[in-house]
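Here is a friendly walk through one structure, meant for someone meeting it for the first time. Keep the view open as you read, and look up each residue as it comes along.

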Amino acid sequence: MGWHFHHQHPSLEKTAERRMPARVIFARLLGYLSPYKGWIATVVLSVIVTSITDIASPYILGREIVSRYVLRGDLEGLKTIIAVFIGIQVANWIANTVRTYGLGKIGQSLLFRIRERVFAHLQELSFSFFDRSDTGDLISRVTNDTDAIGEAFTSGLIQVASDILILFMTIAVMFSINVQLSLASMIVVPMIVAIAIIFNSKFRAAYQMQRTRISNVTSKLQESISGIREIQSFTRERDAMREFRNANLENFQANLRATKVWGTFFPTIQLMQAIGTGIVILYGGWLSLSGALGPIEDAVGTLITFMLYVGMFFGPIFDLTNFYNTIQSAFAAAERIFEILDVEPEIKDSEDAVEIPKVRGEIEFRNVTFGYNSKRPVLHNISFHIKPKETIALVGPTGAGKSTIVKLLCRFYDPQKGQILIDGHDIKKIKRKSLRRQMGIVLQETFLFSGTIMDNIRYGRPDASDDMVMAAAKLVGAHEFIERLPDGYNTKIGEGGAGLSVGQKQLVAFARALLRNPAILILDEATSSIDPYTDLLIRKAMKLLLKDRTSIIIAHRLSTIRDADRIFVIDNGRIVEEGTHEDLLRKGGLYSRLYEMQFKEPSAEAITSSSRKRK
Ligand SMILES: Nc1ncnc2c1ncn2[C@@H]1O[C@H](COP(=O)(O)OP(=O)(O)OP(=O)(O)O)[C@@H](O)[C@H]1O
Ligand SMILES: [Mg+2]
């Protein structure tokens, strides 16, 4: 399976080159169509009916209506044949309607299923995948690329079958009427094919470029919307605009290039068609005058039929080359989607993973070494043991590895070396869901979903009643501010928690974590900047929050740190000190320095000299 890239940090390729064989892509796409066998059969049948009726029309018009009845004045016969002609048109109309609807149904179902699969797969992927991925690019793959596939399937795949059918039937009918005239009208076919081949390579390059360029546009758009606050704060609107304009311009140029290729291709084909028709008229005229086409009545009908046929087989050739490009771009798109589907979650339940019952909350790290990039460890050989119901505070300079420790404990990443145990179970042997069910987690970057406050707190436990939600909010001291919001608990907040302050968001996140009533509580505080009054509220809440469970708190507020049973001081990926607040102050090490800086009057000099010391 050469297109997989199973090195340790797979990330999505952004190049325009295709690495998956077309046959593989096609087989996989067909896999998505298997539930629609009935519809596919219906569509195939209607395609056959459409094609046959399409072919029949010029024949009936020229050879029958004109030659046999109109020019020979057979009125009775004319009435019958016109009835037949109308019948054929009606059949054509019905078959066409069924075909169009059926194709739409199949194509849309395909889109639906692919989007669903990709979404489900994204839910399974590990943090590390998202660390490496570009959100905009992912979004573009799920939206733009699936669209391209749908397009190919709705307008392309079956169309091509009908084109081939029409092409061969037309040629067969033409030859059965007159071999010489058929050969003459096909003089231009080799030229058309040559032109199509020349244009194909240009089309392919242009379409592939379009796909990557539109993804860039989506990326830039997504990034600037997410970062709009920073953009405006730093008055970088112009730069954002410039970057977007570049991506947009490149996309525009790619589209323009495709249009240019298209624009020269189309008239060229039309010119060929005109030449073909000209040849039919010239040579056909000469043939009829020389009597080779039979009596003049028949000759006129034959000419009409041939002229109509020539128009008909240029269409399919034209469609076929166009289809080739649609399918190219669809395959490029499909590959970009399959690339996502082929990313294996790095964190998976092992075969022998077990469900664990409610844990006591004993945590042990044994010689854990971990780096987001395995070559650059950020935690070095960390070992510690936490007793059930103990409260541990992690403190240390920024970038020391505090958040990393709790992310490992939740098994968002697996350590490269060492083991992490909960109640003596290696967490690699515990089903992930079962593991995380034990935990209430407040991550450093709190994310709230758009919806009401009530919904957001309940996110921790979907079956919780309103009363339980409020009780949790009261415990963490969030109740007061929520009550003061315009609609209380039913106040709607925007994506990412827009409309709440950072402190408020954290309180909501606390409530959410508490609602799970977890055996292990993990709090990664975002900020120490909570006003003294809220601080007091939280301090009281914390007492309740931390009772009866194991807690790891990455704390910035002195009160929480002081109340912890033990403090681990982390520096540069190592636990450098450990003990109670008093122990550590007495020791006069890093903790006491941090304490001096953060909680005593901080002087600029202390900060710079200390940071110099750390370097
Ligand atoms: N997703 C990530 N991918 C790669 N490197 C990361 C990632 N997250 C953190 N790091 C790196 O790992 C190191 C430890 O980061 P970590 O987030 O654990 O620090 P921290 O102690 O929580 O800091 P802070 O107090 O600022 O939150 C840092 O050097 C950081 O650059
Ligand atoms: Mg952190």
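## Around ligand 1

In this predicted model, helix α11, covering residues 402-409, supplies the largest share of the shell around ligand 1, namely three residues. The full set surrounding ligand 1 is Asp131, Tyr372, Val378, Gly396, Thr398, Gly399, Ala400, Gly401, Lys402, Ser403, Thr404 and Gln444.

What is the make-up of the shell around ligand 1 by class? Seven of its residues are polar, three are nonpolar and two are charged.

## Helices α2 and α3

Now turn to a pair of helices. Helix α2 spans residues 37-70 and helix α3 spans residues 75-124; the two pack at an angle of about 155°, and their axes lie 8 Å apart. An angle over 145 degrees counts as roughly antiparallel, so that is how α2 and α3 are placed relative to each other. Their crossing is left-handed. Sorted by class, the contact of α2 with α3 holds 19 nonpolar residues, nine polar ones and five charged ones.

One residue to find in helix α2 is Asp54. Is Asp54 buried or exposed? Asp54 is buried, because 20 other C-beta atoms lie within 10 Å, and 20 or more is what the term requires. Setting aside neighbours within four places in sequence, Asp54 is in contact with Asn92 and Ile166. Thr170 is 116 residues away from Asp54 along the chain, yet the C-alpha atoms of these two residues are separated by 9.4 Å.

## Two residues of helix α10

Helix α10 runs over residues 296-342, and Glu297 is found in it. Glu297 counts as partly exposed because it has 16 C-beta neighbours inside 10 Å. Which residues does Glu297 touch, not counting those up to four places away in sequence? They are Ser67, Leu71 and Arg72. For a sense of scale, try locating Gln504 as well: it is 207 residues from Glu297 along the chain, and 90 Å separates their C-alpha atoms.

Leu341 also lies in helix α10. With 13 C-beta neighbours inside 10 Å, Leu341 is therefore partly exposed. Beyond the residues up to four places away in sequence, Leu341 touches Arg117, Val118 and His121. Leu341 and Ile139 are 202 residues apart in sequence, while their C-alpha atoms are 14 Å apart in space.

## Helices α14 and α16

Another helix pair is made by α14, residues 466-475, and α16, residues 502-515. These helices pack at an angle of about 125°, with 8 Å between their axes. Why are they described as oblique? The angle falls outside the ranges for roughly parallel, roughly perpendicular and roughly antiparallel, so α14 and α16 are oblique to each other. The crossing of α14 past α16 is right-handed.

Which residues meet here? From α14 come Met468, Val469, Ala472, Ala473 and Leu475, and from α16 come Ala511, Leu514 and Leu515. By class, this contact of α14 with α16 has eight nonpolar residues, with no polar and no charged ones.

## Two loops with positive phi

Next come two loop residues. Asp548 is found in the loop between α17 (532-546) and β10 (550-554). Its phi is near 65°, a positive value in a residue other than glycine. Asp548 counts as partly exposed, because it has 13 C-beta neighbours inside 10 Å.

Asn572 sits in the loop between β11 (566-571) and β12 (574-579). What is the phi of Asn572 near? The value is near 50°, which is positive, and the residue is not glycine. Asn572 has 14 C-beta neighbours inside 10 Å, so it counts as partly exposed.

## Ser559 in helix α18

The last stop is Ser559, which lies in helix α18, residues 558-563. Ser559 is partly exposed because 14 other C-beta atoms are within 10 Å. Leaving aside neighbours within four places in sequence, Ser559 is in contact with Asp535 and Arg539. Arg539 is 20 residues from Ser559 along the chain, and the C-alpha atoms of the two are separated by 6.8 Å.

Notes: Residues are numbered from 1 along each chain as its sequence is written. Chains are lettered from A and ligands numbered from 1 in the order in which they are written. This is a predicted model: local features need pLDDT of at least 70, side-chain atom pairs count only at pLDDT 80 or more; totals for chains, interfaces and linings use all residues. Helices (H or I, at least four residues) and strands (E, at least two) are DSSP runs, numbered from the N terminus. A residue is buried if 20 or more other C-beta atoms lie within 10 Å of its own, exposed if 12 or fewer, and partly exposed in between; C-beta atoms are placed from the backbone. Two residues are in contact if their C-beta atoms, placed from the backbone, lie within 7 Å. Axes are lines fitted to C-alpha atoms, for helices over the stretch in contact, and angles run from 0 to 180 degrees between N-to-C directions. Angles under 35 degrees count as roughly parallel, over 145 as roughly antiparallel, 65 to 115 as roughly perpendicular and the rest as oblique. A crossing is left-handed if the near helix is turned anticlockwise from the far one by less than a right angle, and right-handed if clockwise. Ala, Val, Leu, Ile, Met, Phe, Trp, Tyr, Cys and Pro count as nonpolar, Asp, Glu, Lys and Arg as charged, and the others, Gly among them, as polar. A residue is near a molecule or strand if its C-beta atom, placed from the backbone, lies within 6 Å of it.
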